[in-house]
Amino acid sequence: MDRKSNRFVLLMVSCSAAGILVGGVSNWIDSNQCLQAKVPTSECLMQDPTSRTIQGMSMGLIAGAGAALGATLQLKREED
């Protein structure tokens, strides 16, 4: 692998990992706050907190990968 490929892979992995972490924690906190409300909504009671956390993690993965792709394209444009 050349240096540019290594940089892309490193950027993709780090941004995706950060997205997974932020998305998972965000949805986990949101589901806990929803369950601790004085009057929880029916949507809150029907959804499994684990599935909400996994859903947040997957959205974070997509957002992180998109951010890495955008950053790589920007770096490539600046190098040319």
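In which helix is the place of Pro49? Pro49 has its place in helix α3, and the legends below refer to a predicted model.

**View 1. The packing of helix α1 on helix α3.** Helix α1 covers residues 3-35 and helix α3 covers residues 49-79. Their axes lie 6 Å apart, and the two helices pack at an angle of about 150°. Because angles over 145 degrees count as roughly antiparallel, α1 is roughly antiparallel to α3. The crossing of α1 past α3 is right-handed. Residues in the contact of α1 with α3 comprise 15 nonpolar, 12 polar and 5 charged.

**View 2. Helix α1 and its buried residues.** Helix α1 contains 33 residues. From its first C-alpha to its last, α1 reaches 48 Å, close to the 48 Å expected at 1.5 Å a residue. Ser16, Gly19, Gly23, Gly24 and Ser31 are the buried residues of α1. What covers these buried residues includes α3.

**View 3. Helix α3 and its buried residues.** Helix α3 contains 31 residues. The distance from its first C-alpha to its last is 45 Å, close to the 45 Å expected at 1.5 Å a residue. Buried in α3 are Arg52, Thr53, Gly56, Gly60, Gly64, Ala68 and Thr72. These buried residues of α3 pack against α1. An α-helix has 3.6 residues a turn, so residues three or four places apart point the same way.

**View 4. The surroundings of Ser16 in helix α1.** Ser16 has a relative accessible area of 10% and is buried. Leaving aside residues up to four places away in sequence, Ser16 touches Gly60, Leu61, Gly64 and Ala65. Among these contacts of Ser16, Gly60 and Gly64 are themselves buried in α3.

**View 5. The surroundings of Ser31 in helix α1.** Is Ser31 buried or exposed? With a relative accessibility of 4%, Ser31 counts as buried. Residues up to four places away in sequence not being counted, Ser31 touches Pro49 and Arg52. Arg52 is one of the buried residues of α3. Ser31 and Leu45 are 14 residues apart along the chain, and their C-alpha atoms are separated by 9.5 Å.

**View 6. Pro49 in helix α3 and its contacts.** Pro49 is partly exposed, its relative accessible area being 28%. Which residues does Pro49 touch, not counting residues up to four places away in sequence? Pro49 touches Ser31 and Leu35 on that count. Ser31 belongs to helix α1, and residue 35 closes the range given for α1. Pro49 and Leu21 stand 28 residues apart along the chain, with 16 Å between their C-alpha atoms.

**View 7. Lys76 in helix α3.** Lys76 has a relative accessible area of 53% and is exposed. Where Pro49 in α3 is partly exposed at 28%, Lys76 is exposed. How many residues apart in sequence are Lys76 and Lys4? The two lysines are 72 residues apart in sequence, while their C-alpha atoms are 9.2 Å apart in space.

Technical notes: Residues are numbered from 1 along each chain as its sequence is written. This is a predicted model: local features need pLDDT of at least 70, side-chain atom pairs count only at pLDDT 80 or more; totals for chains, interfaces and linings use all residues. Side-chain values use heavy atoms; hydrogens and water are left out. Axes are lines fitted to C-alpha atoms, for helices over the stretch in contact, and angles run from 0 to 180 degrees between N-to-C directions. Helices (H or I, at least four residues) and strands (E, at least two) are DSSP runs, numbered from the N terminus. Angles under 35 degrees count as roughly parallel, over 145 as roughly antiparallel, 65 to 115 as roughly perpendicular and the rest as oblique. A crossing is left-handed if the near helix is turned anticlockwise from the far one by less than a right angle, and right-handed if clockwise. Ala, Val, Leu, Ile, Met, Phe, Trp, Tyr, Cys and Pro count as nonpolar, Asp, Glu, Lys and Arg as charged, and the others, Gly among them, as polar. The expected span of a helix is 1.5 Å times one less than its number of residues. Buried means under 20% relative accessible area, exposed over 50%, partly exposed in between (1.4 Å probe, protein chains only). Contact means heavy atoms within 4.5 Å.
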